[in-house]
Structure formats: C-alpha cells, structure tokens
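The following exercises are to be worked through with the sequence and the structure at hand. Each task is followed by a solution in steps.

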Amino acid sequence: MSLVRINKKLYARYGGAVRAILRDGCIVLQGHLPTWKDVVDACQTAATKYSTTHVVNDIVCDEVKDTPMRLPSLHDDALDGRKPDVLIIGGGISGVSIARELSRWKLDILLVDKEPDLALQASGRNDGEVHPGIDLSKGSLKHHYIRKGNAMYAQVCKELDVPFRRVGQYVCFNKGYLKPLVALYCLWRKQHDGISDTKLISGEELHRAEPNFGEEFKFAISNPSSGCVCPYGLTIAYAENAVQNGAEVALNTAVLSMQLENGKIKSVETNRGTIYPHLVINAAGVFSEDIAKMAGDRFFSIHPRRGTNSILDKKAGAFMHSIASIKEITRSKTHSKGGGILHTVHDNLLVGPDAVETYEKENVATRRESIEHVFAKQKKTMPRLSERDDHSPRRCARHRRHGGRYAQKRNSGGKERRLLPRPARRSRTAGNE
Ligand SMILES: Cc1cc2nc3c(=O)[nH]c(=O)nc-3n(C[C@H](O)[C@H](O)[C@H](O)COP(=O)(O)OP(=O)(O)OC[C@H]3O[C@@H](n4cnc5c(N)ncnc54)[C@H](O)[C@@H]3O)c2cc1C
C-alpha cells in the first residue's frame with residue numbers, strides 16, 4: 001500500500017490526528033489518539049498482510065500508562081567485563097533453542113534473562129500446541145518455519161527427553177452445506193501449501209474419535225501432524241542441554257541499555273555489570289522491540305495480546321484426547337487466534353486462550369470475562385466442559401507485530417560439535433494433578 005493511500009485512510013478515520021511517514025524503510029505512525037484500541041487499529045490500517053515493510057508505532061496515547069519492565073532486585077558485578085562470542089537476551093523457547101543450536105560450535109555463549117527462572121513469560125504460559133500451519137499461507141516465513149519445526153519435534157523431544165504427543169487436531173463445522181467449500185480448501189492446502197496430511201472427515205468419523213464432541217458437528221478438518229508438548233519442560237530441557245554443551249545461563253540479569261559505536265553494539269549494560277559481546281541475539285519476546293531500540297534498530301512495534309487459558313482437572317482430561325476447536329463463519333473483524341480445547345501431555349485439558357489487545361506486557365491478572373468467554377466458546381465444541389473442573393487460569397501476553405514478516409538470522413562458521421545427550425530423567429514436573 002502506498003504512503004499516500006495509507007494517509008488517506010488514516011485521515012478518513014482519525015481526521016488528521018495520525019499520519020504516516022517513511023523512515024529507515026519503515027512506515028512510522030505519528031500523532032495522538034485517545035485509546036489503545038485506536039492505536040492498534042491505526043497501525044493495522046498501515047500494515048499489509050505479506051508486506052515486508054514494517055510498521056513502527058510512535059503514536060502518543062492518552063490511555064497508555066507508564067508500565068516499566070519488571071526488574072530483578074539483584075545488583076552485583078558478576079558479569080562485569082565478560083566478552084562472550086554470543087550474548088543471547090531472553091530465556092524463553094527462542095533464546096534457549098538458539099543457545100542449544102549454537103552450542104554445537106566452539107563458542108563462548110552467554111544467555112541472560114531478567115527473571116529468576118527460565119520460561120517465566122510466554123514460553124511457560126502457552127498451550128504447548130505444535131501447530132500444523134493450517135492457517136498460514138505458503139510464502140510466509142511463519143509457514144516455512146512452522147512446517148519445518150513441526151517435523152523436527154519428535155526427534156528434538158526424544159533427544160531432550162521431554163514428552164511430546166502427536167495427538168492431532170480437529171477443526172469442527174456444524175453447517176453441512178459448507179462441506180464442498182471446505183473440501184476445496186483442504187485440497188488447496190495439500191497441493192499448494194504442502195500440508196499433505198490434512199483431510200476432511202465426516203461427523204461419524206469425528207464422533208468415533210471424540211465421542212464427547214457436539215452432536216451437531218457435520219464434518220471436520222483433521223490435521224494429524226498437530227501435537228502437544230510441555231512448553232516449560234521443553235524450554236528448561238533446551239537450556240539444560242545447552243549448558244551441558246558449554247553455554248552459560250545467567251538468571252536475574254536484565255539488559256538495561258547498550259553503548260553503540262559506528263552503529264554497532266560496543267557494550268551491553270546489565271544489573272550485573274557491563275558485557276562486551278561479539279554478537280547479540282535478541283530473543284526478548286514482548287520486549288524485543290525495546291531491545292532493538294537500545295541497539296538503534298527500531299524497525300517494528302509489538303502490540304501484545306493477552307491470552308487466558310483455563311486448566312481443567314485431570315478427570316476432565318478423559319473427555320477428549322486431541323486438540324479441537326469449532327469453526328464458525330462469522331463477520332467478526334477481531335484478530336483472534338480463536339483458541340480451542342487441548343489435551344496436554346500431563347492429561348489436563350486446557351480451554352482457551354482468548355486474545356485481547358493490551359499495552360501491558362507483564363500484567364498476568366485473570367479476568368472473569370475472559371474465563372467466561374473461553375468456556376462459552378468451547379462448550380460449543382464439547383458441551384460437557386464444566387467450569388467446576390477449572391483448576392487455575394494462566395495468562396500471558398504474546399507478541400504480535402504490525403505487518404512485516406519475522407526473520408531469523410543464522411550463524412555460520414566455526415567447527416560443528418556433536419551435542420552431548422541430555423541424561424534421561426525418571427519423571428518430569430507435571431501440570432495440575
Ligand atoms: C496464551 C498463549 C498461548 C499460546 N499458545 C501457543 C501454542 O499453543 N503453540 C505455540 O507454538 N505458541 C503459542 N503461543 C506463543 C508462544 O508462547 C510464544 O511464541 C513463545 O513462547 C515466544 O517465546 P520467546 O522465547 O520468543 O519469548 P518469551 O517466552 O516471552 O521469552 C522472552 C524472555 O526474554 C526475557 N527478557 C525480556 N526483556 C529482557 C531484558 N531486557 N533483559 C533480560 N531478559 C529479558 C523475558 O524475561 C523472557 O523470559 C502462545 C502464547 C500465549 C500468550
């Protein structure tokens with residue numbers, strides 16, 4: 001979309017309160033708006049689905065209160081003067097899997113996280129669904145990596161000794177007349193997007209596999225390659241294996257600022273001293289925008305979405321054994337992942353999540369309306385779901401960017417090392433009993 005067209009659209013909506021300019025190859029929105037919803041909508045107006053031009057949000061918003069990042073109380077100089085080859089910022093699934101991969105090479109790797117443990121943000125609070133990539137079109141990097149990653153899960157989880165089950169996923173439909181259209185869609189996914197195992201199954205087949213699903217379902221899309229994994233277990237296992245292979249993990253260590261020289265990072269300031277890394281990898285989740293900004297590399301903006309899940313008792317786990325959701329054809333313009341019901345590797349059920357836009361990156365309080373929303377929606381998939389089985393809701397913000405594709409950089413060079421195996425465990429910490 002051209003800048004002129006974007007500005008025309010913005011003017012029509014906000015009457016000159018916001019305008020778009022081009023800066024460093026990015027569309028930057030400037031101006032003043034009353035609510036966060038307006039800000040997200042304005043940025044969405046400027047973003048095109050598969051555009052490689054990112055949208056940066058510089059809009060001042062009346063509703064947004066200052067919510068500084070939660071910082072560790074620890075202050076020492078334990079890392080002062082360190083000169084690692086690679087500094088990874090963030091101990092979520094992205095950071096720890098990069099650390100493990102890089103530990104194949106003879107590199108001095110230091111991973112820092114501001115929290116007192118790993119996986120305390122999105123990576124420890126998600127559904128643990130290994131997606132099939134059914135809702136993503138070929139050509140996007142997300143489609144490429146989800147398909148590649150999905151195929152790698154069985155081997156990686158075996159190497160790391162973490163539970164992984166390819167339980168399959170059903171997208172259920174209650175309007176029979178949609179079947180020919182959905183059949184064409186499945187064919188398209190197969191031929192064009194390479195999701196070869198996707199198939200259409202009848203209502204009878206669905207109910208044979210999952211007898212407790214809504215009786216009115218006429219057919220479903222079946223995605224056998226979907227699976228589930230313990231999200232925090234996998235994150236911790238990746239990190240442990242990286243450490244066994246020589247990487248170092250420093251917890252309670254927050255990156256606070258960076259010194260730059262000729263556009264390059266010279267040093268990184270933390271609450272535990274100044275680090276002088278050769279290479280910095282930004283894996284800071286919802287804070288990755290802030291880290292990029294410290295490095296003078298502001299080319300995207302995060303708009304976090306709060307997601308609430310209910311964790312049901314294990315006895316509810318017997319009601320279904322896969323991942324499922326109802327597909328309703330509505331005119332809703334909300335950008336939602338939709339949510340569903342998932343049988344976890346620990347045999348609980350997870351119901352949700354919803355997806356609510358928020359500017360708060362670390363507010364994990366639970367709201368009644370979110371719980372009511374996820375139950376109301378998912379009872380249509382499985383009517384015998386009951387709030388009485390609810391154990392504890394988990395909530396977290398996930399990161400979305402306004403437009404643009406996400407990219408991952410590869411490090412090459414050095415001699416490849418064989419990874420040491422992670423010693424087998426007798427049992428791993430389970431979810432709710
Ligand atoms: C409710 C919900 C459900 C989801 N369900 C699924 C699902 O089923 N399947 C799926 O594939 N994905 C799912 N996701 C998305 C998935 O959780 C995220 O994509 C993934 O966890 C992101 O991992 P990450 O390592 O990039 O970020 P994070 O896990 O957020 O890790 C970033 C880390 O960086 C640290 N950090 C930030 N700033 C600093 C700093 N300045 N200094 C030091 N450390 C810092 C943080 O403490 C944090 O530990 C879900 C997300 C949510 C919220």
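**Exercise 1: A buried helix**

In helix 3, the residues Ile93, Ser94, Gly95, Val96, Ser97, Ile98, Ala99, Arg100 and Leu102 are buried. The model is a predicted one. Task: determine why helix 3 is described as largely enclosed, and state which elements its buried residues pack against.

Solution.
Step 1. Apply the cut-off: a residue is buried if 20 or more other C-beta atoms lie within 10 Å of its own.
Step 2. Nine of the ten residues of helix 3 are buried, so this helix is largely enclosed by the rest of the structure.
Step 3. The packing partners of these buried residues are strand 4 (86-89), strand 5 (109-112), helix 7 and strand 16 (279-282).

**Exercise 2: The nonpolar core**

Task: identify which residues of the largest nonpolar core touch the most other members, and which element gives the largest share of this core.

Solution.
Step 1. The largest nonpolar core has 77 residues, of which Ile88, Ala99 and Cys172 touch the most other members.
Step 2. Helix 7 (residues 231-244) supplies the largest share of this core, seven residues.
Step 3. At least three residues of the core come from each of domain 2 (86-123 + 232-302 + 404-429) and domain 3 (165-225 + 303-398).
Step 4. Consider Ile88: neighbours within four places in sequence left aside, Ile88 is in contact with Gly95, Ile98, Ala99, Ile109, Leu111, Ile281 and Ala283.
Step 5. Another core, of 16 residues, lies apart from the largest one; Ala20, Ala42, Cys43 and Ile59 are among its members.

**Exercise 3: The shell around the ligand**

Task: explain why the ligand shell is said to lie between two domains, and describe the shell by residue class.

Solution.
Step 1. There are 34 residues around the ligand, and Gly90, Gly92, Asn126, Gly285 and Gly307 come nearest.
Step 2. Two or more residues of the shell are given by each of helix 3 (93-102), strand 17 (305-312) and strand 22 (390-398).
Step 3. Helix 3 provides the largest share, three residues.
Step 4. Sorted by class, the shell has 14 nonpolar, 13 polar and seven charged residues.
Step 5. Domain 2 and domain 3 both give residues to the shell around the ligand, so it lies between them.

**Exercise 4: Backbone angles**

Task: state what is notable in the backbone at Asp161, at Asn262 and at the bond from Gly352 to Pro353.

Solution.
Step 1. Recall the general rule: most residues other than glycine have a negative phi, and most peptide bonds are trans.
Step 2. Asp161 has a positive phi, near 55 degrees, and lies in the loop between helix 4 (141-160) and strand 7.
Step 3. Asn262 also is not a glycine, yet its phi is positive, about 50 degrees; its place is the loop between strand 13 (255-261) and strand 14 (264-270).
Step 4. Asn262 counts as exposed because it has 5 C-beta neighbours inside 10 Å, whereas Asp161, with 16 other C-beta atoms within 10 Å, is partly exposed.
Step 5. The peptide bond from Gly352 to Pro353 is cis, with omega near -5 degrees, and Pro353 is in the loop between strand 20 (349-352) and strand 21 (356-357).

**Exercise 5: Confidence**

Task: state what the mean pLDDT of the chain is, and where pLDDT stays under 50.

Solution.
Step 1. The mean pLDDT of the chain is 89, and 88% of its residues reach 70 or more.
Step 2. Over residues 403-416 the pLDDT stays under 50.
Step 3. The pLDDT is also below 50 over residues 424-433.

Methods:
Residues numbered from 1 in each chain as written. Predicted model: local features only at pLDDT ≥ 70, side-chain atom pairs only at ≥ 80, totals over all residues. Near = placed C-beta within 6 Å. Helix = DSSP H or I, 4+ residues; strand = E, 2+ residues; numbered from the N terminus. Nonpolar A, V, L, I, M, F, W, Y, C, P; charged D, E, K, R; others polar. Domains from an automatic or database assignment. Core = buried A, V, L, I, M, F, W, Y, C linked by C-beta atoms within 7 Å. Buried ≥ 20, exposed ≤ 12 C-beta atoms within 10 Å, placed from the backbone. Contact = placed C-beta atoms within 7 Å. pLDDT = per-residue confidence, 0-100.
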